[in-house]
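Here are my notes on the model you sent over. Have it open while you read, and we can go through the points one by one.

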Amino acid sequence: MILVYHRVAEATVDPWALNVSPVHFAQQLQVLNTIAHPVSLRQLVSARSDRELPQRPVCVTFDDGYADNLYAAKPALETYRVPGTVFITPGYLGFPENLWWDELAKLVLDPASRQEELRLSLHGHEYAYVFPASTGELGAPDPHNNWRGWEIAPGSRQSAYLELYEVLVKLSNSDRDQAFEQLRTGAMPYADRHEHRFLTQTELRELASGDLVEIGAHTMTHPWLSLLLPEQQQDEIGGSKQRLEALTGKNITTFAYPYGKKIHYTQQTVKTVKANGFACACSNFGGLVTRTSNRFELPRFQPMDWDGDQFADVVNSWYRA
Ligand SMILES: [Zn+2]
């Protein structure tokens with residue numbers, strides 16, 4: 001089994017369930033040590049037979065490269081001696097502000113920083129949203145704070161978030177930057193702008209140090225790869241490997257597809273990953289790894305912000321699936 005985490009942090013809004021709190025993360029690692037056997041991704045993919053692996057081998061991975069992977073995840077991995085692989089998007093290293101999907105959640109959903117109105121003019125389309133004033137007390141938690149992007153939108157803000165996400169996710173980086181210039185009308189409080197910042201280069205080297213955390217590649221800038229030309233895909237995939245090797249001084253042999261569902265990459269993408277000398281690549285759909293799994297489309301389960309008991313139940317059900 002391979003697990004995919006993103007952030008070990010708290011958050012007020014989290015439409016894609018990217019956060020696992022530090023307390024829950026520690027409980028989850030304890031559970032893994034009890035009901036499974038954590039191994040490194042390298043160990044899993046290089047095993048030639050079941051005999052080379054313990055019972056119920058499990059790999060812990062992280063996507064993107066958030067700073068909390070160094071400050072919250074790594075210490076917990078060390079405490080419980082659980083190996084981890086962190087797939088990094090090096091184009092964002094040192095970027096001090098929220099990544100676009102986090103900023104969108106801040107602008108549309110988060111009671112602390114959301115805008116009353118949002119307007120976007122893009123490729124001849126006009127998007128305009130005016131949100132009804134909140135009826136609750138100022139500063140009171142939004143009843144929809146726990147809404148997830150795959151659930152039915154319970155209000156106008158959630159449907160606006162999904163509509164804008166679908167538009168923004170397909171844009172080039174420069175078009176998306178321009179779109180955000182339009183969407184950011186009011187100044188967002190400093191703490192909200194920086195809530196989920198990325199690793200810096202120095203922090204990346206610190207994260208990569210020691211024997212427990214391995215660095216993998218996750219493209220340069222996190223594009224929807226299947227929308228790119230083959231040579232652009234090569235630049236994104238090969239570029240991220242080279243950049244991360246230069247920064248860490250280590251061989252980068254593992255890769256994860258951004259977004260990671262079957263629609264987000266093509267067989268051309270898979271070929272490009274192989275041609276760049278990676279040993280395996282992780283996708284983002286659930287499933288167990290078996291002897292016949294494609295090493296370049298490895299399934300992963302995504303744990304949510306569950307406490308140890310809930311997590312143990314879900315992991316057991318995943319192993320039975
Ligand atoms: Zn990602």
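Which Trp and Tyr residues form one aromatic cluster? Keep in mind that this is a predicted model.

1. To take the cluster straight away: Trp-16, Trp-100, Trp-101, Trp-147, Tyr-161, Tyr-165 and Tyr-259 make it up. Try colouring those side chains.

2. On aromatics in general, searching the whole structure turns up 19 aromatic pairs. Take Phe-255 and Tyr-257: their ring centres sit 5.4 Å apart with the planes at 80°, and planes over 60 degrees apart count as edge-to-face, so that is what this pair is. Phe-255 is buried, and Tyr-257 is buried too.

3. Now the overall fold. I'd point you to 11 helices and 11 strands in the protein chain. Its radius of gyration is 20 Å, close to the 20 Å the globule rule gives for 321 residues, so the chain is as compact as a globular protein of that length. The C-alpha trace spans about 60 × 45 × 35 Å along its principal axes.

4. How are the contacts spread along the sequence? Looking at contacts between residues at least 6 apart in sequence, 71% of them join residues at least 24 apart.

5. As for inside and outside, 53% of the 321 residues count as buried. The protein chain exposes about 14,700 Å², and carbon and sulfur atoms supply 51% of that area.

6. Last, charges. The protein chain carries 29 positive and 38 negative charges, and the mean positions of the two sets are 9 Å apart.

Key:
Residues numbered from 1 in each chain as written. Predicted model: local features only at pLDDT ≥ 70, side-chain atom pairs only at ≥ 80, totals over all residues. Heavy atoms only, no water. Helix = DSSP H or I, 4+ residues; strand = E, 2+ residues; numbered from the N terminus. Rg over C-alpha atoms; globule rule 2.2 N^0.38 Å. Buried < 20%, exposed > 50% of the residue type's maximum accessible area, 1.4 Å probe, protein only. Contact = heavy atoms within 4.5 Å. Areas by Shrake-Rupley, 256 points an atom, 1.4 Å probe, with all protein chains shown as cover. Lys, Arg positive; Asp, Glu negative; His and termini not counted. Charge placed at Lys NZ, Arg CZ, Asp CG, Glu CD. Phe/Tyr/Trp six-rings, centres within 6.5 Å; stacked < 30°, edge-to-face > 60°.
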